[in-house]
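Open your viewer and get comfortable with rotating and selecting. We will begin with the outside of the chain and then move on to a single residue.

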Amino acid sequence: MAKKGLTKDIIVNAALELIEEDGLSAFSLRSLASSLGIRVSSLYNHIQGQMELLVEVGFRAVDMLTEM
């Protein structure tokens with residue numbers, strides 16, 4: 001069961017923050033799950049995997065650049 005209040009949008013935002021702080025090379029689903037206080041397996045209730053998440057982060061980054 002998904003953690004109450006956890007959404008794909010929250011996951012993408014948290015991933016973006018981690019990547020901004022530590023760099024893409026240090027990013028992992030394990031570190032993301034830890035920062036959200038959940039298990040890695042819980043992420044899969046909202047995303048298909050790391051590749052999908054990184055695509056979503058890329059889309060979010062392009063949106064942010066467009067707004068600037």
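Turn on the surface of this predicted model. The chain exposes about 4,700 Å², and 56% of that area is supplied by carbon and sulfur atoms. Now colour by burial: 29% of the 68 residues count as buried.

Next, colour the charges. You will find 6 positive and 9 negative ones, and the mean positions of these two groups lie 14 Å apart.

Switch to the cartoon view. Which elements do you meet as you walk from the N terminus? The order is α-α-α-α, with 4 helices and 0 strands in the chain. The radius of gyration is 12 Å, close to the 11 Å that the globule rule gives for 68 residues, so the chain is as compact as a globular protein of that length. Along the principal axes, the C-alpha atoms fill a box of roughly 35 × 20 × 20 Å. If you list contacts between residues at least 6 apart in sequence, 60% of them join residues at least 24 apart.

Now select Arg60, which sits in helix α4, residues 50-67. Add Lys8 to the selection: 52 residues separate Arg60 and Lys8 in sequence, while their C-alpha atoms are 12 Å apart in space.

Which residues does Arg60 touch, leaving aside its neighbours within four places in sequence? Select Asp9, Val12, Asn13 and Leu16 to see them. Zoom in on the side chains for the last stop. That of Arg60 makes a polar contact of 2.7 Å with the side chain of Asp9, and another polar contact, of 2.2 Å, joins the side chains of Arg60 and Asn13.

Definitions and conventions
Residues numbered from 1 in each chain as written. Predicted model: local features only at pLDDT ≥ 70, side-chain atom pairs only at ≥ 80, totals over all residues. Heavy atoms only, no water. Helix = DSSP H or I, 4+ residues; strand = E, 2+ residues; numbered from the N terminus. Rg over C-alpha atoms; globule rule 2.2 N^0.38 Å. Buried < 20%, exposed > 50% of the residue type's maximum accessible area, 1.4 Å probe, protein only. Contact = heavy atoms within 4.5 Å. Areas by Shrake-Rupley, 256 points an atom, 1.4 Å probe, with all protein chains shown as cover. Lys, Arg positive; Asp, Glu negative; His and termini not counted. Charge placed at Lys NZ, Arg CZ, Asp CG, Glu CD. Polar contact = N/O pair within 3.5 Å; in protein donor to acceptor, adjacent residues only side chain to side chain.
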